[in-house]
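Student: I have a structure open and would like to go through it piece by piece. Can you take my questions as they come?

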Amino acid sequence: MELDLVEYELDQDTKAKLDEVLKNLFSKTSAELVILADDAGRIISLKGKRIDEDRAEFIASLISGMFGAAAEMSKMLSVEELDILQFEGKKVDVVIKAIKPRFLIGIMVDKGVALGSVRLFLRDASQELEEIFSSVKLVPVKTVKVDVKSLEEKLSKLVGL
């Protein structure tokens, strides 16, 4: 299996701007967690209540995988390009939004939080993030060959199998 990796150069000023947008979104929505990741599931920034690094990385990977799967289903069904994905759990709701050119933001809120206001604040934050990312230099790095067996072992270890 091969993956096309793209890296990006984020200077301290850009990182500070991204963190400020996430901080505002986290505050306005009373979120449990806000994660900004690239489409490969690598965390760029996050704000959350009581979350460890391993769990955050796993959630970012899931956000990337779920959004990618839903985007592929949209293509197969010939519906418009997927921009936002939302699902509701018993205790937590999750909203995932695409950020151009190839980023995702995922927000998790308690069940009692109004999703309409979350989506409104998320839309505003995504516009700010896209403006910030418009000045970021994306650098195609390389194609990486992934050993499926070692990837399965790492996932099994992560989920405790």
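**Working through the model**

Tutor: S78 sits in the loop between helix 2 (53-76) and strand 4 (84-88). Keep in mind that this is a predicted model.

Student: Is S78 buried or exposed?

Tutor: S78 counts as exposed, because its relative accessibility is 66% and the cut-off for exposed is over 50%.

Student: What is phi of S78 near?

Tutor: Phi of S78 is near 55°, which is a positive value in a residue other than glycine.

Student: Which other loop residue has a positive phi although it is not a glycine?

Tutor: S30 has a positive phi of about 50° and is not a glycine. S30 is placed in the loop between helix 1 and strand 2. At 42% relative accessibility, S30 counts as partly exposed.

Student: And which peptide bond is cis?

Tutor: The one from K100 to P101, with omega near 15°. P101 belongs to the loop between strand 5 (92-99) and strand 6 (103-110).

Student: Change of topic. How do helix 1 and helix 3 run relative to each other?

Tutor: First, how two packed helices are described: by the angle between their axes and the distance between the axes. Here the axes of helix 1 (residues 12-29) and helix 3 (residues 115-133) come within 10 Å and cross at roughly 175°. Angles over 145 degrees count as roughly antiparallel, and helix 1 and helix 3 are therefore roughly antiparallel to each other.

Student: Which residues meet there?

Tutor: From helix 1, the residues are T14, K17, L18, V21, L22, L25, K28 and T29. They meet V118, F121, L122, A125, E128, L129, I132 and F133 of helix 3.

Student: How many of those are nonpolar, polar and charged?

Tutor: The contact of helix 1 with helix 3 has 11 nonpolar, two polar and three charged residues.

Student: K17 is on that list. What is its relative accessibility?

Tutor: K17, which lies in helix 1, has 43% relative accessibility and counts as partly exposed. The C-alpha atoms of K17 and I132 are separated by 7.5 Å, although K17 and I132 are 115 residues apart along the chain.

Student: What about L115 in helix 3? Which residues is L115 in contact with?

Tutor: Leaving aside neighbours within four places in sequence, L115 is in contact with Q86, E88, D93, V95 and V109. L115 counts as buried at 14% relative accessibility. From L115 to V94 the C-alpha distance is 9.1 Å, with their positions 21 residues apart in sequence.

Student: Now the strands. Where is D38, and is D38 buried or exposed?

Tutor: D38 is in strand 2 (residues 33-38). Its relative accessibility is 1%, so D38 counts as buried.

Student: Which side chain has a polar contact with D38?

Tutor: That of R42, at 2.7 Å. Setting aside residues within four places in sequence, D38 is also in contact with Y8, I44, S64, R102, F103 and L104.

Student: And S45, which strand is that in?

Tutor: S45 is found in strand 3 (residues 43-48). S45 is buried, with a relative accessible area of 6%. The side chains of S45 and D19 are joined by a polar contact of 2.4 Å.

Student: What else is S45 in contact with?

Tutor: Not counting neighbours within four places in sequence, the contacts of S45 are D19, L22, V34, I35 and L36.

Student: K47 is in strand 3 too. Which residues does K47 touch?

Tutor: With residues up to four places away in sequence left out, K47 touches D19, L22, K23, F26, E32, L33 and V34. K47 is partly exposed, at a relative accessible area of 24%. K47 and V94 are 47 residues apart in sequence and 15 Å apart in space, C-alpha to C-alpha.

Student: Last one. What UniProt annotation covers residues 18-109?

Tutor: The unreviewed UniProt entry has the annotation "domain: Roadblock/LAMTOR2" for residues 18-109. In the model, that span is 39% helix and 35% strand, and its end C-alpha atoms lie 20 Å apart.

Conventions
Residues numbered from 1 in each chain as written. Predicted model: local features only at pLDDT ≥ 70, side-chain atom pairs only at ≥ 80, totals over all residues. Heavy atoms only, no water. Helix = DSSP H or I, 4+ residues; strand = E, 2+ residues; numbered from the N terminus. Buried < 20%, exposed > 50% of the residue type's maximum accessible area, 1.4 Å probe, protein only. Polar contact = N/O pair within 3.5 Å; in protein donor to acceptor, adjacent residues only side chain to side chain. Contact = heavy atoms within 4.5 Å. Axes fitted to C-alpha atoms, helices over the stretch in contact; angles between N-to-C directions. Parallel < 35°, antiparallel > 145°, perpendicular 65-115°, else oblique. Nonpolar A, V, L, I, M, F, W, Y, C, P; charged D, E, K, R; others polar. UniProt positions renumbered as here; feature names shortened; annotations may be inferred.
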